[in-house]
Amino acid sequence: MKNFILSILTLCCLGTVLVAQQTTTCKPDASLPDTAVGVIPLPYSATNPKGGISDTACLNTFYDFVFTLAIPKTISLSGLTLAINSVSLATTGAVKNLPSGLSYTCNPPNCVFKSGEKGCILIAGTPNNAINLGQNDLKIEGLVNSFLPVPVTFPSDQFAAGNYYLYVRPQGSAACRTSSTRELAATKLRMGNVPNPFTGSTQIEVEAEIRGQFDFRVYDLTGRMIQRRPVQITQGINRIPFEANNLPPGLYVFTLTDGLNTVSRKMVIGR
């Protein structure tokens, strides 16, 4: 009986650890000036054609996107200026028209964003229903908590006119990438090859804090691309095998690119 109880407790603890490991969160955009307010990025509109959701989701492919919320201290409604205590969202159902397979979490986790502070909403998951292919017009619904709670919808003509269009494409479409690949930088993606120099084969080791679909490419010093293949990068350690085959000895450049950003390193094929 004691062993049975211990087993149950062990399973419960393990389940708690697994849930904790799967919990996802986001960070507000640290590059925003203190004067920025509202939901960022601002929505797409005729006067803001570069706004809205910049990334395209793929069916059956992991996707994520982050909205930063910068809460002002006051808000103007019907000609009245009201002091804001906080803006709150329901922890489920506040982001309307999400494709099936996607959900959201907030930072702070209770989705209560205090006046004068920044928080964020992470939309993440894997679109899994072909009915959502095409354009999905997302809306964020919440409450402005002043002396009375005031329901608000963003975007809307009342605050920021426009749309948050999330496009879902068929699986494997070239336009698809996760938002996290836009964060590509030396601090997010570190790579090298072992051994280096090498003669027959080497392992490209990629330590990533981001995930997404990338192109792995190898160039010689004339700029001629001698190999190209798609690779899926996950958070943590990734290894990409590379065979020298009949390549002549010398210096080569290998890159990872998501189409917008590229990280490059050098390797040497010895004699």
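At 19% relative accessibility, Asn145 counts as buried, because buried means under 20% relative accessible area. That makes a good place to start a walk through this predicted model. Asn145 sits in strand E11, which covers residues 134-145. Leaving out residues up to four places away in sequence, Asn145 touches Ala83, Ile84, Asn85, Ser86, Val87 and Ser88.

**The chain as a whole**

Stepping back, the chain contains one helix and 20 strands. Of its 271 residues, 38% count as buried. How much of the contact between residues at least 6 apart in sequence joins residues at least 24 apart? The share is 66%. The chain has an accessible surface of about 15,200 Å², and carbon and sulfur atoms account for 56% of that surface.

**Two disulfides**

The structure holds two disulfides, and the table sets them out.

| Disulfide | Sulfur to sulfur | Angle about the S-S bond | Handedness |
|---|---|---|---|
| Cys26 and Cys120 | 2.2 Å | 105° | right-handed |
| Cys106 and Cys111 | 2.0 Å | 90° | right-handed |

Which parts of the chain does the disulfide of Cys26 and Cys120 link? Cys26 is in the loop between helix H1 (2-22) and strand E1 (38-40), while Cys120 is in strand E10 (residues 118-125). These are distant parts of the chain, with the two cysteines 94 residues apart. Both Cys26 and Cys120 are buried. In the other disulfide, Cys106 and Cys111 are buried as well.

**Around Leu77**

Another residue worth finding in the model is Leu77, in strand E4 (residues 74-77). Is Leu77 buried or exposed? With a relative accessible area of 9%, Leu77 is buried, because the cut-off for buried is under 20%. Setting aside neighbours within four places in sequence, Leu77 is in contact with Leu82, Val150, Gln158 and Phe159. One of these partners, Gln158, is 81 residues from Leu77 in sequence, yet their C-alpha atoms are 8.2 Å apart in space.

**Aromatic rings**

The count of aromatic pairs comes to eight. Among them are Tyr165 and Tyr167, whose ring centres are 6.2 Å apart. Their planes meet at 55°, so this pair is tilted. Tyr167 has a relative accessibility of 28% and therefore counts as partly exposed.

Phe216 and Phe254 make an aromatic pair that is also tilted, with 6.4 Å from centre to centre and 45° between the planes. This pair links distant parts of the chain: Phe216 lies in strand E16 and Phe254 in strand E19 (residues 250-257), 38 residues apart. Why does Phe216 count as buried? Its relative accessible area is 0%, and so Phe216 falls under the 20% cut-off. Phe254, at 0% relative accessibility, counts as buried too.

Ring pairs can also join into a group: Phe65, Phe67, Phe154 and Tyr164 are linked into a cluster in this way.

**A nonpolar patch on the surface**

To finish, turn to the outside of the model. Which residues form a nonpolar patch on the surface? They are Leu221, Leu251 and Val268, which together have about 240 Å² of accessible area. Leu221 is found in the loop between strand E16 (212-219) and strand E17 (225-233). With a relative accessible area of 62%, Leu221 is exposed, since exposed means over 50%.

Note on methods:
Residues are numbered from 1 along each chain as its sequence is written. This is a predicted model: local features need pLDDT of at least 70, side-chain atom pairs count only at pLDDT 80 or more; totals for chains, interfaces and linings use all residues. Side-chain values use heavy atoms; hydrogens and water are left out. A disulfide is a pair of cysteine sulfur atoms within 2.5 Å. Helices (H or I, at least four residues) and strands (E, at least two) are DSSP runs, numbered from the N terminus. Buried means under 20% relative accessible area, exposed over 50%, partly exposed in between (1.4 Å probe, protein chains only). Contact means heavy atoms within 4.5 Å. Accessible areas come from the Shrake-Rupley method with a 1.4 Å probe; for residues, only the protein chains shown count as cover. Patches are made of residues with over 30% relative accessible area and no salt bridge: like charges are joined within 9 Å, nonpolar side chains (Val, Leu, Ile, Met, Phe, Trp, Tyr) within 5 Å. A salt bridge is a side-chain nitrogen of Lys or Arg within 4 Å of a carboxyl oxygen of Asp or Glu. Rings of Phe, Tyr and Trp (its six-membered ring) pair if their centres lie within 6.5 Å; planes under 30 degrees apart count as stacked, over 60 as edge-to-face and the rest as tilted.
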